[in-house]
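Student: I should like to learn how to read helix faces and salt bridges. Could you take me through an example?

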Amino acid sequence: MRLHRLITSSSSAAAAFSFGSPTRSYATTYGGRIVGATTDGREISVEVLHPPPDLPRDPGRGGHALPRRDLVCRVSNILRSSSSSDPLLDLSDYLQTLTLTLTPAEASDVLKTLKSRPSTAVDFFRYCSTLPGFRHDCFTYNRILTVIAGSNGGGGGVVDRVKVVLDEMEREGVKGSISTVNILVGIVGREGVDVWEMERFLGMVKKWGLKYNCYTYKCVLQAYLRLKEVVKGFRVYEEMRRRGYKLDVFGYNMLLDALAKADMVVQAEKVFADMKLRHCEPDVFTYTILIRMKGKIGRSDECLSLFQEMLTKGYTLNLITYNTMIEVLAKNHMVDKAILLFSKMIENDCRPNEFTYSVILNVLVVVGRLDRLDEVVEISKKYMNKSIYSYLVKTLINLGHVSEAHSVFCKMWNYHDSGNRDAFVSMLESLCNARKTSEALDFLSKVGEKGLMADTVMYNMVFTALGKSKQVADIYNLYEQMKSEGPSPDTFTYNILIASFGRLGLANDASKIFKEMESSDCKPDVVTYNSLINCCGKNGDLDDAHMRFKEMQKKGLCPDVVTYSTLIECFGKSNKVDIACKLFDEMLEDGCWPNIVTYNILLGCLEKCGKTTEAFKLYAKLKEQGLTPDSMTYTVLDRLQSASCRTVRVPYLKKSPAVDIMFLLQSRK
């Protein structure tokens with residue numbers, strides 16, 4: 001061994017030294033003696049006295065050398081170093097100082113330490129291929145496949161990288177082991193792997209001359225189930241069973257769940273019987289799957305038998321199990337048993353969730369026994385919180401049972417120191433929708449009792465209900481209360497008030513609210529002006545309506561289809577059809593496309609004034625725009641047709657909207 005460096009040695013014939021620099025340690029230390037040197041001392045020859053022994057061999061790895069642990073640790077530390085900008089370059093420098101290169105076994109162990117850094121592992125795997133004399137074997141390929149399969153880089157990305165490695169194995173002529181197949185099958189179910197790819201993976205077994213083991217069967221079975229190929233999965237299970245293999249409880253549960261969802265009841269019962277026969281004890285999830293399956297097909301007696309079997313074995317039931325059994329009882333309208341089981345659930349300190357209450361609530365509604373809801377609430381009072389109360393209130397309201405919802409809400413209001421805004425708003429909304437305005441006003445007045453603050457949403461709900469009920473005095477009283485106690489009215493508040501007064505023909509009141517709105521922080525929008533224009537039109541003040549129209553345009557607000565339709569209706573009803581038609585043309589010029597309501601309004605105006613020809617031309621324009629006539633359209637056209645040709649009637653016109661009126665008229669010429 002020749003060293004191109006100056007070495008200071010003693011005069012003895014033998015000297016011990018180590019290769020390396022004072023700032024960097026190396027994996028191997030050698031002892032030797034100087035056997036020759038040049039006259040200038042710049043070159044020397046050293047004979048190694050004790051060469052390193054051959055690496056020990058592992059018969060379990062086919063005679064491959066056992067990995068050097070110190071070397072594996074050093075390489076792993078270099079690759080995982082956070083201070084290095086290029087770990088592979090540092091690794092290359094380090095390996096050049098050694099007389100031995102990495103073995104596949106050592107590379108495999110390094111890859112194992114990099115499982116949390118898949119990108120670094122892939123880079124190292126590629127780097128190993130560039131080392132002199134290094135060739136990846138089945139173990140290193142399995143290791144990198146395991147690292148990639150376990151990464152979280154996204155389903156499609158993982159699958160693509162696995163395919164690249166698999167293609168490389170085939171090019172290099174490296175035969176995989178049954179573990180390789182297990183790894184490949186294990187990724188099935190991720191994005192990008194379909195049945196065709198699954199068959200390719202399984203084809204490797206025959207190509208490499210391998211045989212399935214128990215774990216392979218389990219992997220293949222679960223892969224088919226993840227792909228929703230339940231029939232193929234069951235066939236794999238039968239083959240596995242014939243060969244004397246069995247699943248663990250997780251595998252059995254996965255198969256039973258898939259069979260139950262696929263309505264393969266007979267096969268599921270066969271698997272359950274086989275599970276017991278092979279001394280694999282079913283757990284709570286096993287029984288829950290079977291109870292859900294049998295309950296779905298109405299075999300409630302068998303569900304009760306399974307449930308009793310579970311209790312006899314002393315299993316601790318979970319929320320899913322209780323919910324499943326209660327759902328089965330509810331489906332078969334067994335109200336008494338459902339409530340009894342619910343009480344046992346509470347006794348065993350299993351907290352019900354919203355689904356539990358929804359199942360019981362629905363069956364009580366179906367069988368007409370909502371009177372027992374108080375019993376359910378009382379049984380579970382230690383678990384009743386504002387969230388559950390709120391859920392019950394909203395659900396009862398959605399089912400149309402406002403009185404029962406109000407009763408539940410009152411319980412919540414009395415039992416809890418603080419209120420729940422969602423439940424309060426739901427209850428208030430239901431009272432408003434039911435036009436129970438007195439109750440709504442009283443309800444709103446109590447909002448502060450439980451620490452809640454009245455907001456504009458609550459006030460606006462009540463204003464809308466009062467407007468629909470034409471309760472002007474109550475509207476004004478609530479409006480004054482809102483201004484004095486807060487919150488401040490918003491744009492929606494003002495729009496609701498203006499629209500309400502407009503529907504009642506109270507133009508002066510609407511104008512007063514509009515002036516207050518202009519002096520506030522809220523600015524009028526298109527909806528505001530639409531309500532004002534409608535109010536003026538219904539009051540017969542067309543000039544004021546048109547003035548509001550021009551005013552909104554000056555403020556930069558673009559009239560919409562409601563604006564134009566309202567104005568057209570106002571002028572049309574006042575027999576000013578020419579102005580209505582002019583507004584219609586202006587509407588088209590401004591790029592605001594009329595809807596079927598606009599056409600119906602103008603058609604009615606033209607029909608009222610006897611302008612039949614113009615009406616049919618308007619209908620033709622409607623068809624050109626691609627709008628679908630409705631019953632109102634055909635009613636107006638029927639009257640126009642009757643007026644233009646009294647001797648001919650087309651009684652089926654309303655019943656056959658697809659018939660083109662213009663075609664009928666042309667046929668009479």
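The dialogue below treats two helices and then several salt bridges.

Tutor: Please note at the outset that this model is predicted.

Student: Which residues of helix 32 are buried?

Tutor: An α-helix has 3.6 residues a turn, so residues three or four places apart point the same way. In helix 32 the buried residues are Thr612, Ala615, Phe616, Leu618, Tyr619 and Leu622. They lie on the same side of helix 32 because they cover an arc of only 155° around the axis. Exposed Lys617 and Glu624 are carried on the face turned away from that buried side.

Student: What covers the buried residues of helix 30?

Tutor: Those buried residues are Val577, Ala580, Leu583, Phe584, Glu586 and Met587. Their cover includes helix 28, helix 29, helix 31 and helix 32. After helix 30 comes glycine 591, with a positive phi near 80°; glycine 626, just after helix 32, also has a positive phi, of about 85°.

Student: How many salt bridges does the structure hold, and which parts does the pair of lysine 294 and glutamate 269 tie together?

Tutor: There are 38 salt bridges. Lysine 294 and glutamate 269 meet at 2.7 Å, N to O. Lysine 294 lies in helix 13 and glutamate 269 in helix 12, so the pair ties together parts 25 residues apart in sequence. Lysine 294 is buried, at 7% relative accessible area, whereas glutamate 269 is partly exposed at 28%.

Student: Where do lysine 573 and glutamate 569 lie?

Tutor: Both lie in helix 29, four residues apart, about one turn of the helix. Their side chains form a salt bridge of 3.1 Å, N to O. Lysine 573 is exposed at 57% relative accessibility, and glutamate 569 is partly exposed at 28%.

Technical notes:
Residues are numbered from 1 along each chain as its sequence is written. This is a predicted model: local features need pLDDT of at least 70, side-chain atom pairs count only at pLDDT 80 or more; totals for chains, interfaces and linings use all residues. Side-chain values use heavy atoms; hydrogens and water are left out. Buried means under 20% relative accessible area, exposed over 50%, partly exposed in between (1.4 Å probe, protein chains only). Helices (H or I, at least four residues) and strands (E, at least two) are DSSP runs, numbered from the N terminus. Contact means heavy atoms within 4.5 Å. The arc is that of the directions from the helix axis to the C-beta atoms. A salt bridge is a side-chain nitrogen of Lys or Arg within 4 Å of a carboxyl oxygen of Asp or Glu.
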